[in-house]
Amino acid sequence: MSIREVLSISTGRATSDGAGVRLTRLFGGAAPEQFDPFLMLDEFGSDDPDEYLAGFPPHPHRGFETITYMIEGRMRHEDHLGNVGLLESGGVQWMTAARGVIHSEMPQQEHGVMRGFQLWLNLPAKSKLDDPDYRDFMPAEIPRITLPSGIEAVVIAGRLVAEGVDQPGAVQRPDTEPQLFDLNLPAGGSIEPQLVDGHRLLLYVFEGEITVAGKRLAKNKLARLSEHGSLHLASSEGARVLLLAGRPIREPIVQYGPFVMNSREEIEQALRDFRAGALTG
């Protein structure tokens, strides 16, 4: 059986977003087709309130989904639909912007650590102008399992199949069929999760280091792997890894800030709608 090969290893770049929140952009913007169906992944993590307190005041989105995984901290969501939610440590916010959402994400703490990830997941052309949707998942609603080998897994989306365990995640999505796992490998641990051939695969190590396909992947490194074959992850000293997999949409990707559509004309329409106050209606 073939194994998935490492196609590239990269390091994110420091940037800021919202009203000045410091974060690391692990990918996003340039050459988006290589990450399809994923558009962007940001990591945020600081114990300095000056780096996160300003938060993300009201801003628009159209054409994709946002997934926020809060490892530590508290963030309040409000949007034009009247949704209000509190994202707490261990929780997940899954928002389908589709036709359009205007929302804010503001910290609900004045000190301590705020740490987590935000992922942008594309929508196919047929779904980009659907009705928006939103849901907060409390930590207790997200499966957290310990495999026979001692590996701890947070199964956010898709299904984790490994070591005789078949665990569905909190979210199942059509078309892109995303798998999103937080895997905590103990020292000497290894795992061979079953993945669908033809699906894009990304691995991000945010604690420790792993070996995959004969290559060492150190902390803060992102690997993009081939779309076919098996996967074997191992860690001699322990590691925590974010695993992203999904079915590529293979449609044109045209992005302008918070709008992601299939053509320049659709982007221009999104801008006109936003300026006219009709983005969400």
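Me: Where does Ala 31 lie?
Reply: Ala 31 lies in the loop between β3 and β4. Those strand labels follow DSSP runs numbered from the N terminus (strands are E, at least two residues; helices are H or I, at least four). Keep in mind that this is a predicted model: local features need pLDDT of at least 70, side-chain atom pairs count only at pLDDT 80 or more, and totals for chains, interfaces and linings use all residues. Also, residues are numbered from 1 along each chain as its sequence is written, and side-chain values use heavy atoms, with hydrogens and water left out.

Me: Why is Ala 31 called partly exposed?
Reply: The cut-offs are relative accessible areas: buried is under 20%, exposed is over 50%, and partly exposed is in between (1.4 Å probe, protein chains only). Ala 31 has 42%, so it gets the middle label.

Me: What makes the phi of Ala 31 worth a remark?
Reply: Its phi is near 45°, a positive value in a residue other than glycine. Most residues other than glycine have a negative phi. Arg 250 is another such case, with phi near 60°. Arg 250 sits in the loop between β24 (239-246) and β25, and at 56% relative accessibility it counts as exposed.

Me: What kind of peptide bond runs from Asp 36 to Pro 37?
Reply: That bond is cis, with omega near 15°. Most peptide bonds are trans. Pro 37 belongs to the loop between β3 and β4.

Me: How do you know that Asp 42 and Arg 25 form a salt bridge?
Reply: The rule asks for a side-chain nitrogen of Lys or Arg within 4 Å of a carboxyl oxygen of Asp or Glu. Here the closest N and O atoms are 2.7 Å apart, and the pair passes. The two residues are 17 apart, with Asp 42 in strand β4 (residues 38-46) and Arg 25 in strand β3 (residues 21-28). Asp 42 has 4% relative accessibility, so it is buried; Arg 25 has 15%, so it is buried as well.

Me: What makes Glu 72 and Arg 115 a salt bridge?
Reply: Their closest N and O atoms are 3.9 Å apart, and the pair counts. Glu 72 is in strand β6 (residues 64-72) and Arg 115 in strand β11 (residues 114-122), so parts that are 43 residues apart in sequence get tied together. With 33% relative accessibility, Glu 72 is partly exposed.

Me: Which label does each partner get in the pair of Lys 126 and Asp 175?
Reply: Their side chains meet in a salt bridge at 3.1 Å, N to O. The pair spans 49 residues, from the loop between β11 and β12 (133-137) to the loop between β16 (165-168) and β17 (179-185). Lys 126 has 62% relative accessibility, so it is exposed, whereas Asp 175 has 19%, so it is buried.

Me: Which residues do shared partners join into one network?
Reply: Glu 72, Arg 115, Asp 182, Glu 207 and Arg 240 are joined by salt bridges that share partners. By the rule, the count comes to 19 salt bridges.

Me: Why does Arg 224 count as buried?
Reply: Its relative accessible area is 16%, so it falls in the buried class. Arg 224 lies in strand β22 (residues 221-225). Leaving aside neighbours within four places in sequence, its contacts (heavy atoms within 4.5 Å) include Glu 5, Val 6, Gln 34 and Phe 35.

Me: Why is Pro 258 called partly exposed?
Reply: At 23% relative accessibility, Pro 258 gets that middle label. It is placed in the loop between β25 (254-256) and β26 (259-261). Arg 62 is 196 residues away along the chain, yet the C-alpha atoms are separated by 6.7 Å. Among its contacts beyond four places in sequence are Pro 60, His 61 and Trp 120.

Me: Zooming out, why is the protein chain called as compact as a globular protein of that length?
Reply: The chain has 1 helix and 26 strands. Its radius of gyration is 18 Å, close to the 19 Å that the globule rule gives for 281 residues, so the description fits. The radius is taken over C-alpha atoms, and the rule is 2.2 Å times the number of residues to the power 0.38. Of the 281 residues, 53% count as buried.
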